[in-house]
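Please look over the model shown here. Then read the short report below.

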Amino acid sequence: MTSPTKAEGPGSAVALDPEVASTAETDKGKELVGRSPGQLMWIRFKRDRVGVISACVVVFFFVVGLLAPVISKLYGKDPYTVFADERPDLFDSAGVPLQPNGGISGDFWFGLEPGNGYDVFTKLLYGIRNSLGISVAVTIATVLTGVLLGVMAGYMGGKVDFAVSRVVDFLLAFPAQLFFIASMPVVVSLFVDPKDETPVYVRVVALIAVQWVLGWMSLARILRGTALSLAGREFIEAARVSGASPWRIIRKEVLPNVVTPILVQSTYMLPAFVTAEAGLSFLGVGLVEPTPDWGQMFSKASTELVMQNDITYMFFPGISMIIFIVAFNLLGDSVRDAFDPKTAR
Amino acid sequence: MTTLTKESGAPTSADAGAFLSVRDLRVQFKTEDGIVKAVDGLSFDLERGRTLGIVGESGSGKSVTNLTVLGLHNPQFATIDGEIVLDGQELITARERELEKLRGNKMAMIFQDPLTALSPYYTVGRQLSEPFMKHKGASKKEAKDRAIEMLTKVGIPQPKVRFDDYPHQFSGGMRQRAMIAMALMCDPDLLIADEPTTALDVTVQAQILDLLKDLQQEFGSAIIFITHDLGVISKMADDLLVMYAGRAVERGAMKEVLGAPRHPYTWGLLSSMPRLNSDIHQALTPIPGSPPSLLNPPSGCPFHPRCAFRSEVPGTLCTDTRPPLGAGRAAACHLTAEQKQTIFIDKIQPRLR
Amino acid sequence: MLRFIFRRTLGAVVILVLLTVVAFLLFFGMPRDPALLMCGKTCTPDALANIHKTLGIDKSIPEQFWIFLQGLFVGRDDFAQGPCPAPCFGYSYHTNENVWSTLIDRLPTTVSLAVGAAFLFLFVGLGSGLLAAWKRGTLIDKTFTGGAMVLSSMQIYFLGPLAMAFLVYQTHLFDQVEYTNFTKNPASWFTGLVIPWAVLSTIFAAQYTRMARSSMIEQLQEEHVRTARAKGMSRSYVFFRYAWRGSLIPIVTIFGIDIGSLLGGAIITEYTFGLPGLGQLAVEAVKFSDLPLLLGVMLFSAAMILLFNIIVDACYAFIDPRVRLS
Amino acid sequence: MGKGGRHTYAAISVLAAGALALTGCSSGGSKDGASNQKDTENAKRQQSSIEFGKAQDSVGPAPEVPGAKAGGTVTVLQRDTYAHLDPAQIYVSDEGSLSSIIHRGLTGYKATSEDGSKHEVVGDLATDSGTTSDGGKTWTYKLKDGIKWADGTPITSADVRHTFERLFAPFISNGPTYIQQWMANTPGTEYRGLLKGGPYGGKHLPDTVLATPDDKTIVFKFKEPKPDLPYALAMAGYSVVSQKKDTKEKYDKAPMTAGPYKVADFKSGKSMTLVKNTNWDPKTDPIRHQYVDQFNILFNKQYEDSTKTLLDDTGVNATSISFNNQVDAGNLSKVLADPKLKSRVVSGYQPYVGQMDINMSQPEMQDKKVREAIAYALPITPFVRAYGGAQAMEVAGGLISPTVSGYNPSFDPFGKKKKPAGDPVKAKALLKEAGKVGMKLTFGYINTPEGQQYSTAMAAGLQKAGFNVQRQEIPAETYYDQIGKVKNNFDIYHTAWGADWPSASTVVPPLYDGRVIQDGAANYAHVNDKKVNADIDRVSKISDPVKAAEEWNKISEYVVKDVVSNIPTGYYKQTQIAGSKVGGLVYDDVLGGVDPRRLFVK
């Protein structure tokens, strides 16, 4: 093992079960020849059946989100039509579907939403689309920030490290949820032109910004540790001695070595952001009607109207979210194992 | 897999005389990639008061063998076949409860890394006393006296004070001594030392080795000494077992094996080791290639892909047939005895000077 | 030890002050004027200015901040509503109540919820985690791990309404969720909180099961645990003494974070079940732009998080002798 | 890693998730039953005007409630904590309900029927509902004997004078302003100039406005005739305040009371305990009773919570009630359908009428065809749905509530009762005629769950008629402040207005008089129509209440049909439930909720 990029992060220096150790050793013995860690990871991952299935489920959700407009076009409805006014025969005067099971029928596959009678199927599609879009954006933003600040702090040390670490400590002491709900109106008001409707994108930007501000610290902390230990390693020392600029060293030598923790952490962060975003919409500070959103569907589901008259409704957002989160967590485990087969579970 | 015959010549059942007798030991782990044969048909004997050295590269099955002797593998993950007889008692089929009575009592182990092998959460004294209290039914007071006695014996200054210290308050050498003291608490008849000196610097290493020898003389224990350092082994062992890919490839008295090795792998080991008295211009010769995968070991002689002398063996013997290991002083190689001797004298020995 | 506590407390106070600054700034970014709320239907610019003055928000932000900080430590006497002894968070704009006494008033609900749930999820979560680790690889392990995987992926805003719908509305097996003071009626205190406890601790317990299991398994693979086995110590002794001791560190760390943030107000839980605790208070404070209340809840919440950080760090010293508090 | 373990638990995970899916089923909504009868019921319940009672009607005690007995404790579940206890700050209905049992005013409404629908105005602290000699310019009141504050000190004319003078203090900003405006004879908030800063600097109102010649006599003098003064004085906001115990701002938390109950303990946001006021003499009070020993009021009970608790009806819940909480939208149809609950459910109208205001100051709204298009297109069904269906919200035809005299059930110019979901075809035709298809329409909506729900569906309905609707959320707490600005940027917004007393004189002039348009005034649509203004002046001088009611209604119909500035949406209804051991349960139309004054424990 001479190539520096093959060096493993310090996180993998775990004490081993003897049998696990021997497996790992032999694994390497066979496969080490001429394969990059990425290829190795891919080979290991492909063998993990649960991981592959979870990945398929996750991909399915993303595809559904991406193709929501296409699917609803084929299905022939959109999530904005007020069916309670279009098809009043299907509802009572309070907007509860008259048919049992939330009005599930051939026309409305997942039934109708009590209240304004939106089509649940398309609403869920678009809800997934919007929630995932926001969460992906938050993940990208937090990863970029976390990588930048974490690696900088760890590699440069000194004042930069001190400053970043204090900021991290400070932000970690924040009551996150409280901060979210308190700052959402503020952030929205920063963008809104009082003349026009608060555009949906402003809420989206605010949601992303608020979660981003309090989302990057854990990753930064992890990467700081990794970069700190890398900074003392021989190949970095060698690059430094040979006169490479710090920026170049970070880019060429440090970053390739922190890919593993970044990938693993991202797969854990994304579902957490999905649930956090949904939580905000649940509390009424995220996306609001009529913009479809996963969390906002939960908020609807927890109203007395739904709980008393139409329990069926709450299962669509509920079950789909559980499946998504479970699949994503399983995927996260698989990704971690694929990168770092020694970690025992 | 090729025609693997029984290890002809090896005794099929435990020698009545041997204190520890291992027969045809096979340890396999199931992994997602397939079955790993970590130990594949290993046999050896050890008598009281003697030291058996086991050498080999990483992954050759040394540690697995010894953990198996202690019964520390989880049967859920490992399949173990063969026979291990300690002082007339069969260990592989023994119940967990029986093994617990033997461990730390009749047989004890010194682990490689004293930093991780001692629990950071309890005092050294407590960790020492525990097995004594359990196995000998001693009181706390008696156990403490014994522990202090042992700490004194392994050369720890102020043992009474150190008794209440935590492992992190000890230096590396002291920790290793404490480990040894712990292993010796119940006067074990069998002591397994798994690279006990690898983590230590040379002066401490020498002290520890002396200590082990002294203690062996005093207690008459049998010692299995695992290392990949031939220098250390030459100071400690009476007999030597060279392991490769989960098998013994050469066995014999230490002096014979090191003085006149008969297996190309042993030659390789010796050639790759620097010596104090050797010519500094003399290049070391590493063994080419890397250790074999235990998932899918090479056919025939597992060493053949790396063996420089394969061409000396006629036909496809090396790739087809696994060479047996004879009884007593023996090497598992298809080369004839004469070939081994000539090659060693002509090609290997000059390099070792 | 004392020095450690002193030093950490000092650090926590610095963070709290910074947090107050942030919360102050945050509030002044809010799009609403709290005075408008109080001013009512017949509001005039005069009346508005008057209210600004009584609220003290006609002064500059640094000035207001300084007055606030002073009040925290020595109390204030310049409120129309009455004297305000230290720690003075002022009076709520909305309800005109002393903020500190409102916090203290709401605290029992939050504490009941947090402590009850913590009690449950610690026992259930750690118990099943240990069992799964002990029985690693068996059907029990797989059932527990799989169940924990699903349950830990649940959200309070789904599980809560679900539990209410089935246990209360449909089957009437349980009482309405409601907070009754323990000293007033312990029985209804208990019955009123059973569902929130169960829901909260289901999700948490599942997380603790996963965590306890994986950290026990990790610990069981530690060399010192193997050494203990090699000494002939029994499996259960090694499991509960050696491996457990090592597992405590991550467990205590996470538990400290969890209980700290729970005591600071479980916003979604309290909102879902309509429990009048600190979390709900926070939502109300935001809704009514109630700066003193908002600051009070934020500081209290952060203080809880910091307090438990310190407690966790102090706990490390008891668990792991290598940690020295200095 | 991986001993194959995870495969199994992944399978279990999927199974567990699936099991949840199987259990979820529900039975669907209910058909609205008795909704057809509603119009006939309304007609029956339609108010005849409230008369001024005679002096002997003002003599206590109040007639016994059939079957009533004294004693017991009633638990009261309320959603909102009482923000104000100072009478001068009380305007909202839940505080009004509380006020009815702790405060007293010069006059009050006395129920003259057992169902709470008929009332007359009688003297409360005063011996009668007031005497005037000059057609309503000068009103004289005499205080009864034996009236006392809760601390036992007598209530004198000085207290009454103080009550009215402190209304001019700057910290009083939430209560009604009718009498202040009448005294100063100015619109809006200019009245404050009459007694700047209130009475605290030692200044008093001149005797030409308010005179107290002796301990028992109070004389109001106005520049214009104010025939409605006895109604106005009956408002909770004009209940008396003790001069000696006035603590200014702090009075709002701990007022001196005179009613049958006094505040023993008040924890804002949590609870309030009311106990009997032993210094209240039933012989002086023609309106109130004092059957219950104690009221325990609990706050923060959302409609859902209080409904569930009251339906439960066990233990202490059986003696529970809510003064103001309605049966929540989700439970409403269930509760009304259950015959077993009939005896403990009461329903009635709230005084409010919902209306969509079209902002007449916006240039785009000047075109009457556009306004008519909005009126035809606007779906009312979303509004009805958002509040829980037909039992909670009745589609309105006009702007006068069924509780106010002059209500005309057949008025429905835009066919909302026939086509509550709107008539996009007709609307689109009108918009085309106006040449404004696709025009931008800014819809300011209140950011509550209901507001969000109905505004999206209303927007969808308007969109169908060819409007480009821009929904703009407005925070609920400042909603009325924002739309109350004359220069707001919204084209349409929804408001609701309730009469302060059952006369359209508290509806039409404040809402549709073009001369009162200013920031914060209730003419939210900025209607400024010459005919309307002139008619208001004419009708306010009519002294015959029946004729006046008819005329007021005509103006309101003109506003809807010809000005097309306000589109009626709904009449708010309310259904309340009580525990089975609560007696004397009556829905009082004037209070707009359960009448707390006559409750007892069975």
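The report moves from chain C to chains A, B and D.

This is a predicted model, in which local features need pLDDT of at least 70, side-chain atom pairs count only at pLDDT 80 or more, and totals for chains, interfaces and linings use all residues. Residues are numbered from 1 along each chain as its sequence is written, while chains are lettered from A and ligands numbered from 1 in the order in which they are written.

**Chain C**

Start with the record. UniProt, in an unreviewed entry, lists "transmembrane region" for several spans of chain C, including residues 12-30, 111-134 and 189-208. The unreviewed entry also places "domain: ABC transmembrane type-1" at residues 107-312 of chain C. UniProt positions use the numbering given here, feature names are shortened, and annotations may be inferred rather than shown by experiment. Helices (H or I, at least four residues) and strands (E, at least two) are DSSP runs, numbered from the N terminus. The table describes three spans.

| Span of chain C | Helix | Strand | Distance between end C-alpha atoms |
|---|---|---|---|
| Residues 111-134 | 100% | 0% | 33 Å |
| Residues 189-208 | 100% | 0% | 26 Å |
| Residues 107-312 | 82% | 0% | 22 Å |

**Chain A and its side towards chain C**

Helix α15 of chain A spans residues 294-301, and 8 of its 8 residues are buried. A buried residue has 20 or more other C-beta atoms within 10 Å of its own, with C-beta atoms placed from the backbone. Among the buried residues of α15(A) are A:Trp294, A:Met297 and A:Phe298. They pack against α7, α14, α16 and α17 of chain A, together with α7 (156-170) of chain C.

How many residues of chain A are in contact with chain C? The count is 35 residues of chain A, in contact with 41 residues of chain C. Contact means that two C-beta atoms, placed from the backbone, lie within 7 Å. The largest share of this side of chain A, 8 residues, comes from α9(A). By class, the side has 24 nonpolar, 9 polar and 2 charged residues. Ala, Val, Leu, Ile, Met, Phe, Trp, Tyr, Cys and Pro count as nonpolar, Asp, Glu, Lys and Arg as charged, and the others, Gly among them, as polar.

**Chains B and D**

Chain B is divided into domain 1 (117-185) and domain 2 (259-352). These bounds come from an automatic or database domain assignment. The C-alpha centres of the two domains of chain B lie 43 Å apart.

Chain D has 16 helices and 22 strands. Buried residues make up 57% of its 602 residues.

Definitions and conventions: A residue is buried if 20 or more other C-beta atoms lie within 10 Å of its own, exposed if 12 or fewer, and partly exposed in between; C-beta atoms are placed from the backbone.
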